[in-house]
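Work through the exercises below with the model open. Try each task before reading its solution.

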Amino acid sequence: MANIKVVNLSGDQVGEFQLADEVFGAEVNEALLWEAVKHYRASLRQGTAATKNKKLVSGSGKKLWKQKGTGRARVGSVRSPIWRHGGTVHGPQPRSYEYQFPKKKLMGALRSALAAKLADGKLTVVDTLEVKEPKTKLYRQALDKLDAKKTALLVESGKKLTDNLFLGSRNLDGVELVLSSEVHPYDLLRYEHAVFSKDALEALQETLKKSVSKRKPAVKEVA
């Protein structure tokens, strides 16, 4: 098992954290990451697009002229779809774009996202994300020292989340705070740098270890 440095908010090393091979040693599955991101973005869609059909569009329903004898094409209503300002046929209607995504696939995508962040050198583990005062300036200085100067994802354990952390980080541009139990592969891919507290990474790693399949891959016999 590999180890990763644990630093404080000043960037000084204060210890090490042991990474599980079944979580961080797996090969990055780009296809699975794409599926996870597609599922996440689909759930964000409002699904409010709508068009008016022949029944809803404004206009009289009276037949414009008699059926026969005029020499003109037969027509029943000014709201006909083939007429200008008529109703729309088979247009979009309000609906939900959400669909079910297997939990095992989500956990697999999360392992791939963490492995990719580690391989890129964009994963940082700190002993604590807590500061003395709930000031945005303190967190901006801390992220700069951790080389997370662009966009960053802060991950904290639900048991350790404090008002100082929430209030101090919420106004930072390009920075998002999530709990270890709620982190999604989309979050890890969206932000350039991921900063985990030691407790948050430990809790997430234990959850991901339990989701790893115990089944051994089948070995083909060669004749």
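pLDDT is the predictor's confidence in each residue, on a scale from 0 to 100. This is a predicted model: local features need pLDDT of at least 70, side-chain atom pairs count only at pLDDT 80 or more, and totals for chains, interfaces and linings use all residues. Residues are numbered from 1 along each chain as its sequence is written, and side-chain values use heavy atoms, with hydrogens and water left out.

**Exercise 1. Confidence**

Find the mean pLDDT of the protein chain, then the elements with the lowest and highest means.

Solution. The chain averages 88. Of its residues, 95% reach 70 or more. Elements are DSSP runs, numbered from the N terminus: helices are H or I with at least four residues, strands are E with at least two. Helix H5 (residues 163–169) has the lowest mean, 86. Helix H2 (residues 30–44) has the highest, 94.

**Exercise 2. Sheet order**

Which strands are the edges of the open sheet?

Solution. Start with pairing: two strands pair if DSSP finds at least two bridges between them. The sheet has 6 strands in the order S2-S1-S3-S6-S4-S5, with mixed pairing. Strand S2 (13–18) and strand S5 (175–179) each pair on one side only, and these are the edges. From one strand to the next, the twist averages 30°.

**Exercise 3. Strand pairs**

Give the sense and bridge count for S1 with S2, S1 with S3, and S4 with S5.

Solution. S1 and S2 are antiparallel, with 5 bridges. Here Ile-4 stands opposite Phe-17 in S2. Their hairpin has 5 residues between the strands, and Gly-11 takes a positive phi near 90°. S1 and S3 run parallel, joined by 2 bridges. Val-6 has Val-125 in S3 as its bridge partner. S4 (residues 152–156) and S5 are also parallel, with 5 bridges. Leu-154 is partnered by Leu-177 in S5.

**Exercise 4. Helix packing**

Describe how helices H3 and H7 pack.

Solution. Axes are lines fitted to C-alpha atoms, for helices over the stretch in contact; angles run from 0 to 180 degrees between N-to-C directions. H3 (residues 103–119) and H7 (residues 198–211) make an angle of about 130°, with axes 10 Å apart. Under 35 degrees is roughly parallel, over 145 roughly antiparallel, 65 to 115 roughly perpendicular, and the rest oblique. H3 and H7 are therefore oblique to each other. Now list the contacts (heavy atoms within 4.5 Å). Met-107, Leu-110, Arg-111 and Leu-114 in H3 meet Leu-204, Leu-208 and Ser-211 in H7.
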